[in-house]
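Me: Before accepting any label attached to a model, I would like to see the value behind it and the criterion it was set against. Could we go through the labels in that way?

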2 protein chains.
Amino acid sequence: MSLGEFALIERFFAEGFARREDVAIGVGDDAAVVRVPAGSELVVAVDTIVSGVHFPEELAPEHVGYRALAVNLSDLAAMGAKPCWCTLALTLPRVDEGWLQDFTRGFRELAIGHGVALIGGDTTRGPLTLTVQILGLVPSGSAIRRSGAGAGDFIFVSGTPGDAAAGLGLIQGKNPKMQSEHDRYLRNRFLTPTPRVELGLALRGIASAAIDVSDGLHADLAKLMTASSTGAHVDLNQLPLSPALVDSQGVARARGLALGGGDDYELCFTVPADRLSAVRRAAAASECSITRIGVVEAETGLRCFDAGHLVTVDTTGYDHFAS
Amino acid sequence: MSLGEFALIERFFAEGFARREDVAIGVGDDAAVVRVPAGSELVVAVDTIVSGVHFPEELAPEHVGYRALAVNLSDLAAMGAKPCWCTLALTLPRVDEGWLQDFTRGFRELAIGHGVALIGGDTTRGPLTLTVQILGLVPSGSAIRRSGAGAGDFIFVSGTPGDAAAGLGLIQGKNPKMQSEHDRYLRNRFLTPTPRVELGLALRGIASAAIDVSDGLHADLAKLMTASSTGAHVDLNQLPLSPALVDSQGVARARGLALGGGDDYELCFTVPADRLSAVRRAAAASECSITRIGVVEAETGLRCFDAGHLVTVDTTGYDHFAS
């Protein structure tokens, strides 16, 4: 069955999302209109995911929908912003109502969980590509930048990076052992990563800089250090590795995935030494584990240490266009 | 030569765009931060264009860049909003610096002309797809909706619809006569349509409803009428046809293109009878021709008249997914 484009948009995108008082005009006009409260600044991020590039073509549509929004929520988390509204540009090879229904369920579930209203959409025909733009709010002047890290600040990461990359490997069948509890856990870390929105909000006024870990901890920490014109001393023995990851991959490979694997959507952030107890309280309040993995240094570059020895880490993160 | 994704983004998207005082954080962090002034509401639109679907694959990159932004500016024009900021999600099959340079030139030229700052971007690998999200401002409560038309209001359209569709036909080689002045004009109406931003701003407080004509005048006017729970009496003899269109296509086909052809990015809007002189002044001030083509009626549906006779118009507009 084929529905017209407009009926499609109306049916799947106009209903069932969070209703917000601050949406003056939602889906269905030439543009949406929302109200930004005085004293707040608007925070804007956009991320595209492409079938076969950012996720396997065979990924279930509810996971595609979940991930399309999750990667954007993660960007706002890194700014310490509260997500409020989003738009969805969906390019589809064909109309498949079942696919759309499942996709929308995954997207909607996460949107509702964060109180995010879908205020605009565009549906076009073409190869499966999804672009979400997320709009959020921070109290004026309080967004956490990448550029605020200073020498002596401690470096933290949330959760257990590497899990998502290991999960993707399992999904893509690089490991036939699919039924263990640990494997299920790892696969879910790829399929339904947890954007650290609550942690990001709690880090305002505490973290000196933050970035979300989408391309790999090593690559993203390097970007944060470059933006801050600083360097980092990272203690590989402090990397938080999940029991599932170590069980599935062994310590050496687990460490490589934690540093170089993408898709974790954890936060990597820096905290001045005099705010260590504050950051512990913030993490506890947002029910998110955080681990201190190193310290910011004035000398640029990333230096990784294993049991006190400087080691070379062979990982450059994920770069769509790297030759 | 292959550049990394991050270098790419930095090189093409961080430089040469409008600088705005209200951008606290621009391209280069996890998200952008902008300031919305008190008394204003935020207006948000998103549009995707796909190679081979919304434009011919062989279209010159500067025209792709121009059109990607123009279609979004047109959405804000229809709301009476002032465009301020945009994000660009660019999915590219490969890195081609020459292509990117030309694309960026077309995009940037239009952005600078409207004082729009590019505040965020995402570059991914995949089939050529461009999603622009545009953010603008209106004084609170003053956005022009689709739903405000009332029986007795007059219906107007800006410019001369049908030109872009004829121009696309010429570009696609359906007409071998490529060198006349008229043909060049028509092709340019497709390649570089004029988003009616100034007209839209001037229509605030005057137009009762508005929509931008992207899918064809007949289809878009029908959407406006549906949103307003009204109908329309359209006088086909009043359709504003450009001399180039009539010369190129003859009157009958010109009229069909004016009603059914897409890609015009003109505004179609309704005006209460007591504001006719106000709308003439508004159009003159924004240096945009407007033409009265009909009247809003209480009875739903579109009725087209030719020399006083009700006629059937065979056009349903452009629908990406219609079977």
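Reply: What follows takes the relation of the two chains, then the sheets, then the packed helices, in a model that is predicted.

Me: What makes the two copies related as by a two-fold rotation axis?

Reply: Chain A is superposed on chain B by a rotation of 180 degrees, with 0.0 Å of shift along the axis and an RMSD of 0.0 Å. The copies are thus related as by a two-fold rotation axis.

Me: How do you know through which surface the copies meet?

Reply: Of the interface residues of chain A, 100% are also interface residues in chain B, so the copies meet through the same surface. Counting residues as in contact if their C-beta atoms lie within 7 Å, 57 residues of chain A are in contact with 57 residues of chain B. The side of chain A that touches chain B receives the most from strand β3 (residues 40-50) of chain A, which gives 9 residues, and by class that side has 31 nonpolar, 13 polar and 13 charged residues.

Me: What makes β2 of chain A and β3 of chain B a pair of strands?

Reply: The criterion asks for at least two bridges between two strands, and 3 bridges join β2(A) (residues 32-34) to β3(B) (residues 40-50), the two running antiparallel. A:Ala32, for example, stands opposite B:Val44 in β3(B). With the chains exchanged, β3(A) and β2(B) (residues 32-34) also pair in the antiparallel sense over 3 bridges, and there A:Val43 stands opposite B:Val33.

Me: Why are β1 of chain A and β5 of chain B said to stand at the edges?

Reply: The sheet is an open one of 6 strands, in the order β1(A)-β2(A)-β3(B)-β6(B)-β4(B)-β5(B), with mixed pairing. β1 (23-25) of chain A and β5 (117-125) of chain B each have a single partner strand, so one side of each is left without a neighbour in the sheet. Neighbouring strands of this sheet are turned by 20 degrees against each other on average, direction ignored.

Me: Which strands stand at the edges of the sheet of 7 strands in chain B, and why?

Reply: That open sheet has the order β8-β10-β7-β11-β9-β12-β13 and mixed pairing. Its edges are β8 (209-213) and β13 (309-311) of chain B, each with a single partner strand, so one side of each is left without a neighbour in the sheet. Here the average turn between neighbouring strands, direction ignored, is 30 degrees. The partner strand β12(B) (residues 301-306) is joined to β13(B) by 3 bridges and runs antiparallel to it, with B:Asp306 standing opposite B:His309. Helix α7 (residues 217-228) of chain B packs on the sheet, touching β7, β8, β9, β10 and β12 of chain B, and its direction makes about 155 degrees with that of β8(B).

Me: How do you know that β11 of chain A pairs with β7 of chain A?

Reply: Against the requirement of at least two bridges, β7(A) (residues 154-158) is joined to β11(A) (residues 290-297) by 5 bridges, in an antiparallel run. A:Ser158 has A:Ile290 as its bridge partner. β9(A) (residues 231-235) is likewise antiparallel to β11(A), with 4 bridges, and the bridge partner of A:Ala232 is A:Val296.

Me: Why are α5 and α8 of chain A called roughly perpendicular?

Reply: The axes of α5(A) (residues 181-191) and α8(A) (residues 243-260) come within 9 Å and cross at roughly 110 degrees. Angles of 65 to 115 degrees count as roughly perpendicular, and α5(A) and α8(A) are therefore given that description. Their contact is made by A:His182, A:Asp183, A:Tyr185 and A:Leu186 of α5(A) with A:Ala244, A:Leu245, A:Asp247 and A:Ser248 of α8(A); by class it has 4 nonpolar, 2 polar and 2 charged residues.

Me: What is the crossing angle of α2 and α3 of chain B, and which label does it earn?

Reply: The axes of α2(B) (residues 61-79) and α3(B) (residues 97-113) come within 6 Å and cross at roughly 40 degrees. Roughly parallel would require an angle under 35 degrees, and roughly perpendicular one of 65 to 115, so this crossing counts as oblique. In handedness, α2(B) passes α3(B) in a right-handed crossing.

Notes:
Residues are numbered from 1 along each chain as its sequence is written. Chains are lettered from A and ligands numbered from 1 in the order in which they are written. This is a predicted model: local features need pLDDT of at least 70, side-chain atom pairs count only at pLDDT 80 or more; totals for chains, interfaces and linings use all residues. Axes are lines fitted to C-alpha atoms, for helices over the stretch in contact, and angles run from 0 to 180 degrees between N-to-C directions. Two residues are in contact if their C-beta atoms, placed from the backbone, lie within 7 Å. Ala, Val, Leu, Ile, Met, Phe, Trp, Tyr, Cys and Pro count as nonpolar, Asp, Glu, Lys and Arg as charged, and the others, Gly among them, as polar. Angles under 35 degrees count as roughly parallel, over 145 as roughly antiparallel, 65 to 115 as roughly perpendicular and the rest as oblique. Copies are superposed by least squares on the C-alpha atoms of residues with pLDDT of at least 70 in both. A crossing is left-handed if the near helix is turned anticlockwise from the far one by less than a right angle, and right-handed if clockwise.
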